[in-house]
Amino acid sequence: MIKKLLLALLVALPLSAAAQKFGTFNFDEVITAMPEIADMQKQLTDASQKYEAEFQKLQEELNKLYTDYQAIQNDPATPESIKERRLQEIQDRAQKVEQFRQTATQDLQRLQEQLTAPIQQRVNDAVKAVGQEGGFTFIFPLEPSLILYQGTDVIDVTPLVKAKLGV
């Protein structure tokens, strides 16, 4: 009985493996073909330019404070308390500039994630639809640097995914 079961399994395994269908798709090629990417990049560039302009203003203010401090630093007529207050102003402003830079970086990352999420979801949905329509067992994103070997029976579904997305 066990021998018959093992024999049935040995016969069924190659047949079930032959029935599997594998596909790959080039994620970068699909993404760059989507018109939403250009819109996303423009929004990110616009936001980045606004943050950069504000950062430049803050940096200029800091540089002016430092220049003013240098003018009074070696002046014996200026009381030490004024020098210390100006130095404290510079340190406070420098801290605010750094804090602004960190906040701007986080805001831009958050914006990129928000803008990218619906695009990635569209690609995922298209890949799932291609997989279901084509009867694929697996569809893998094609990362040439990670693939050590790819057999000839793996199908590149990039054109199908792009067609599903209308690009």
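Biologist: Which elements of the chain have the lowest and the highest mean pLDDT?
Modeller: Helix α1 (residues 2-18) has the lowest, 47, and α4 the highest, 95. pLDDT is the predictor's confidence in each residue, from 0 to 100. Helices (H or I, at least four residues) and strands (E, at least two) are DSSP runs, numbered from the N terminus. This is a predicted model: local features need pLDDT of at least 70, side-chain atom pairs count only at pLDDT 80 or more, and totals for chains, interfaces and linings use all residues. Residues are numbered from 1 along each chain as its sequence is written, and side-chain values use heavy atoms, without hydrogens and water.

Biologist: Where is the pLDDT below 50?
Modeller: Over residues 5-13, a stretch with 0 contacts (heavy atoms within 4.5 Å) beyond near neighbours in sequence. Where pLDDT is low, predicted coordinates should not be read in detail.

Biologist: Back to α4. How far apart are its end C-alpha atoms?
Modeller: 80 Å. The 55 residues of α4 (residues 80-134) should span 81 Å, so the two agree; the expected span is 1.5 Å times one less than the number of residues.

Biologist: What follows α4?
Modeller: G135, with a positive phi near 70°.

Biologist: Which residues of α4 meet helix α5?
Modeller: R122, V123, A126, V127, A129, V130 and E133 in α4, against L160, V161, K164 and L165 in α5 (residues 158-165). By class, that contact has 8 nonpolar, no polar and 3 charged residues. Nonpolar covers Ala, Val, Leu, Ile, Met, Phe, Trp, Tyr, Cys and Pro, charged covers Asp, Glu, Lys and Arg, and the others, Gly among them, are polar.

Methods. Axes fitted to C-alpha atoms, helices over the stretch in contact; angles between N-to-C directions.
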